[in-house]
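Please open the model in your viewer and follow the stops below in order. Each stop proposes a selection and then describes what is found there.

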Amino acid sequence: MAQDKADTTHEPVEVMSDATAPEERTLVLAREIYPEELPIIPVVGRPMFPRLTAPVAIDNPEMIAVLTERAKRKLRHVGVILRKDPAPGVEPGPLPDPDEMFKVGVVAEIVQMAQPSENLIHVLVTTHERFRVSSYVSTKPVLVARVEYMLEADMSDNPELKAFSISVVQAIKSLIQLNPLHKEELGLLMQHGNLSEPGRLADIAAALTTATAAEQQEVLETVSVRDRLSKVLLLLRKEIDISRIQAKIGKQIDEKVTKNQREFFLREQLKMIKKELGLEKEGKESEVDRFQERLTSLKLTAEAQERINEEIEKLKLLEPISPEFAVTRNYLDWLTVMPWGVFTQDQLDLPRAARMLDEDHYGLQDVKERILEFLAVGILKGRIAGSILCFVGPPGVGKTSLGRSIARAVGRQFYRFSVGGMRDEAEIKGHRRTYIGAMPGKLIQVLKICKSANPVIMIDEIDKIGMSYQGDPASALLEVLDPEQNADFLDHYLDVRFDLRNVFFICTANQTDTIPRPLLDRMETINLAGYITEEKIEIARRYLIPKERSASGLRTDQIKITTPAIRHIIDGWAREAGVRSLEKQIGKIMRKSARKIVEKAPHDVRIDVADVEPMLGRPLFADDPNMTQPSIGVVTGLAWTSLGGDTLSIEAIALPGEKPGYKQTGQLGEVMVESSEIAYSYVRSLLRDDSEATKQLEHSLIHLHVPAGATKKDGPSAGITMAAALYSLVTKQRVRQRLAMTGELTLTGRVMPIGGIKEKIIAARRSGIKTLIFPAENRKDFDILPEPVRKGLDPRFVERFEEVVEICFGKHSDAKPARRK
């Protein structure tokens with residue numbers, strides 16, 4: 001082979017190898033003698049095939065410098081090789097390594113060069129023959145490879161290859177029928193290839209397909225013309241299949257578009273016909289008229305009027321098939337359906353309100369008084385607004401029904417919704433209209449349902465509201481429940497301010513501990529402690545029995561439940577603060593009685609004390625033996641829970657040992673553990689001069705237990721109860737009478753005030769305990785309780801623990817145990 005200087009001439013050169021006889025010499029053009037070493041131009045995307053002319057853009061500065069220098073020296077041959085795709089996540093470098101290049105490429109002759117900028121050059125090349133890289137003699141500044149040329153023999157007279165060539169041409173013709181865009185490709189094929197050059201025909205056909213780079217590179221590397229034609233035919237078959245699918249999809253789309261266009265034109269013609277005949281208005285005009293008609297009965301604010309006018313004008317310009325039309329129509333629907341300036345007439349009649357509260361609820365006199373005081377202020381002001389009530393109490397005491405009664409008493413619409421577990425502030429303030437499926441918040445929805453701007457809205461379970469990454473609904477309620485802010489309440493969807501000052505908000509909760517403090521400060525709290533047994537009996541007689549009797553299909557003369565039977569149901573199956581369990585048990589009795597009447601057909605059924613247990617099963621509650629038969633180391637205390645008041649017996653025992661010790665059990669919280677340790681320390685201090693008691697404390701492990709170990713307990717109000725149990729244990733004295741106590745104890749023996757007095761008293765009455773010990777500072781709380789709650793009780797108010805000892809253990813404590821020898 002000649003070196004690069006052979007590129008400088010186009011004159012014929014005589015070429016002869018060592019094995020060639022003189023008579024076998026041939027003449028070839030000097031430009032067809034290719035150099036053994038070539039600078040390599042890497043290409044990406046798809047390889048280049050022999051005997052084609054194509055442009056190549058090069059932005060590598062080193063490659064530009066090399067090609068420019070070679071052009072000056074009239075060295076125009078280069079190698080073109082496909083670069084392999086990089087591994088996933090790997091960025092390819094500007095100059096590839098030899099391992100990143102395929103082994104087979106084509107030799108190309110630079111026909112023309114143009115450099116539009118310093119870092120870019122456009123090269124027009126004509127490719128000639130295949131070659132295989134033997135080795136790379138240089139990798140910098142550019143790749144330079146030593147190559148072996150892969151020349152193919154003359155196969156023009158081979159009939160089999162001619163048949164293959166005809167098949168290739170026919171496949172291209174089939175493509176033209178499916179996709180006219182291939183017509184230019186066939187012209188290019190006919191221009192550059194013919195049946196007498198099957199190899200060239202295969203290369204050109206492969207270059208014209210949309211096959212992958214790997215498939216085209218495989219064709220390029222195939223030296224055998226027959227094998228190459230076979231692979232090209234497979235690629236063409238794939239092209240034909242793809243074109244058929246494309247044609248099928250295109251036909252379906254055309255049919256659908258044609259159908260939609262036809263329907264559109266017919267619909268437009270129908271609109272015009274109806275308009276000319278005056279039969280009806282088109283949809284858009286009827287929508288606008290409907291919105292305008294709604295506005296006649298509303299008193300819009302200036303902001304709302306301006307926004308509605310803008311949206312109506314916008315709706316008139318939109319086509320009904322536009323997606324924006326539906327969004328605007330829904331928005332206008334919400335704007336015009338809101339009760340702007342629409343109010344129900346308040347029934348400001350206090351005696352009527354008192355009568356309705358008494359009709360719907362028995363007892364709860366203190367709660368009714370608070371509600372009537374609130375309504376009286378509204379009557380004097382001329383409107384009921386500006387304050388928010390919060391009913392706090394255990395389940396089943398009538399919080400929801402009280403709200404419904406208030407709405408009935410003042411003649412307003414009532415709506416209740418629960419926020420328990422709510423975690424998205426958009427539930428309160430709505431979604432922005434940019435979201436698909438956006439809706440206003442719950443308050444705007446309620447106003448739409450009630451069709452008035454002054455309903456009674458009850459927000460239930462406000463103490464169980466949640467919080468998540470989507471927002472804090474409790475913070476969103478701050479604006480709603482603040483009379484100073486809710487005059488300009490802005491819902492995200494409505495985006496127009498609405499006045500909520502006339503809405504009567506009532507919230508309910510089981511406890512206030514979990515309500516955020518800023519939210520609690522905006523509400524006026526009314527506590528519903530629960531019902532005593534006498535109140536439950538009256539509630540059952542007046543409300544629950546008639547309700548369940550009607551629900552079971554029984555008549556008044558068919559069943560009768562005696563008062564002792566009701567009391568027995570309450571004591572054994574329904575001791576909770578509310579009446580929900582009592583209602584369930586009465587309903588169970590009614591269903592069993594209905595079955596008895598249907599099966600045995602008695603005239604009527606009478607339920608007495610003896611009939612209750614066979615119907616309801618074993619009692620769920622039983623009296624604690626420690627309350628009826630006091631023992632050493634056991635004292636009854638009073639506790640408050642979110643479900644109402646409760647009684648609990650605190651037990652203490654002494655285990656002999658070498659060293660003093662003290663332990664507590666019963667799932668006690670941190671505050672209660674500290675209270676028990678204060679009680680233990682104070683009792684040891686109180687009895688420090690009692691040698692026998694001191695000896696027992698010095699050589700015993702004292703174990704204090706609060707029963708119901710599966711229930712978590714906490715709070716300071718059991719301080720004097722735990723101290724009394726320890727005192728009883730160490731002095732070996734029983735509590736002299738059936739009593740219960742509550743109060744916080746300090747290290748110096750003072751008894752501090754506590755809360756939940758009414759709930760604790762109701763719990764004591766349920767357990768039949770009459771003598772109760774309270775801190776002296778809670779006397780005022782006891783005195784304001786309703787007379788039915790205080791009736792029959794023997795309250796003892798103490799300031800120091802020594803007074804508790806005297807009440808519990810009698811004259812034995814008169815000698816001042818702290819000074820006993």
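## Stop 1: the antiparallel strands

Select residues 77–82 and residues 104–117: these are strands β5 and β6, which pair in the antiparallel sense over four bridges. The model is a predicted one. Within this pairing, Val-80 has Val-106 in β6 as its bridge partner.

Extend the selection to residues 120–138, which form strand β7; β6 and β7 run antiparallel and are joined by 10 bridges. Which residue of β7 stands opposite Met-113? The residue is Val-123. The connection between β6 and β7 is a hairpin of two residues.

## Stop 2: backbone details around these strands

Next, select Lys-74, located in the loop between α1 (61–72) and β5. Its phi is near 60 degrees, a positive value in a residue other than glycine. As a general background, most residues other than glycine have a negative phi, and most peptide bonds are trans. With a relative accessible area of 48%, Lys-74 is partly exposed.

Move on to the loop between β7 and β8 (144–150), where Pro-141 is found. The peptide bond joining Lys-140 and Pro-141 is cis, with omega about 0 degrees.

## Stop 3: the parallel sheet

Now select β10, β11, β14, β9 and β15, in that order: they make up an open sheet of five strands with parallel pairing. At the edges are β10 (414–418) and β15 (524–527), each of which pairs on one side only. Direction ignored, neighbouring strands of this sheet are turned against each other by 20 degrees on average.

To inspect one pairing, keep β10 and strand β11 (residues 456–460) in view; they run parallel and are joined by five bridges. Phe-414 has Val-456 in β11 as its bridge partner.

Two helices may then be added to the view. Helix α11 (residues 365–381) packs on the sheet and touches β9 (389–392), β14 (504–509) and β15. The direction of α11 makes about 150 degrees with that of β15. Helix α12 (residues 399–410) lies across β9, β10, β11 and β14, and runs at about 170 degrees to β11.

Before leaving the sheet, select Glu-461, which is found in the loop between β11 and α15 (473–480). Here phi is near 55 degrees, again a positive value in a residue other than glycine. Glu-461 is partly exposed, its relative accessible area being 25%.

## Stop 4: helices α17 and α18

Two packed helices are described by the angle between their axes and the distance between the axes. Select helix α17 (residues 533–551) together with α18: their axes come within 10 Å and cross at roughly 115 degrees. The two helices are therefore roughly perpendicular to each other. The crossing of α17 and α18 is right-handed.

Display the side chains of the contact. On α17 they belong to Thr-533, Glu-534, Lys-536, Ile-537, Ala-540, Arg-541 and Ile-545, and on α18 to Thr-563, Ile-566, Arg-567 and Ile-570. By class, the residues of this contact divide into five nonpolar, two polar and four charged.

## Stop 5: helices α18 and α19

Keep helix α18 (residues 563–573) and add helix α19 (residues 580–600); the axes come within 10 Å and cross at roughly 120 degrees. That angle makes α18 oblique to α19. The crossing of α18 and α19 is right-handed.

Which residues of α18 meet α19? They are Ile-569, Ile-570 and Trp-573, which meet Ser-581, Leu-582, Gln-585 and Ile-589 in α19. This contact of α18 with α19 has five nonpolar, two polar and no charged residues. Ile-570 of α18 deserves a label, as a member of the contact with α17 and of the contact with α19.

## Stop 6: Ser-593

Finally, centre the view on Ser-593, in helix α19. Is Ser-593 buried or exposed? Ser-593 is buried, because its relative accessible area is 0%. Leaving aside residues up to four places away in sequence, Ser-593 touches Ile-559, Val-605, Ile-607 and Met-615.

Conventions. Residues numbered from 1 in each chain as written. Predicted model: local features only at pLDDT ≥ 70, side-chain atom pairs only at ≥ 80, totals over all residues. Heavy atoms only, no water. Pairing = 2+ DSSP bridges. Axes fitted to C-alpha atoms, helices over the stretch in contact; angles between N-to-C directions. Parallel < 35°, antiparallel > 145°, perpendicular 65-115°, else oblique. Left-handed = near helix turned anticlockwise from the far one by under 90°. Contact = heavy atoms within 4.5 Å. Nonpolar A, V, L, I, M, F, W, Y, C, P; charged D, E, K, R; others polar. Buried < 20%, exposed > 50% of the residue type's maximum accessible area, 1.4 Å probe, protein only.
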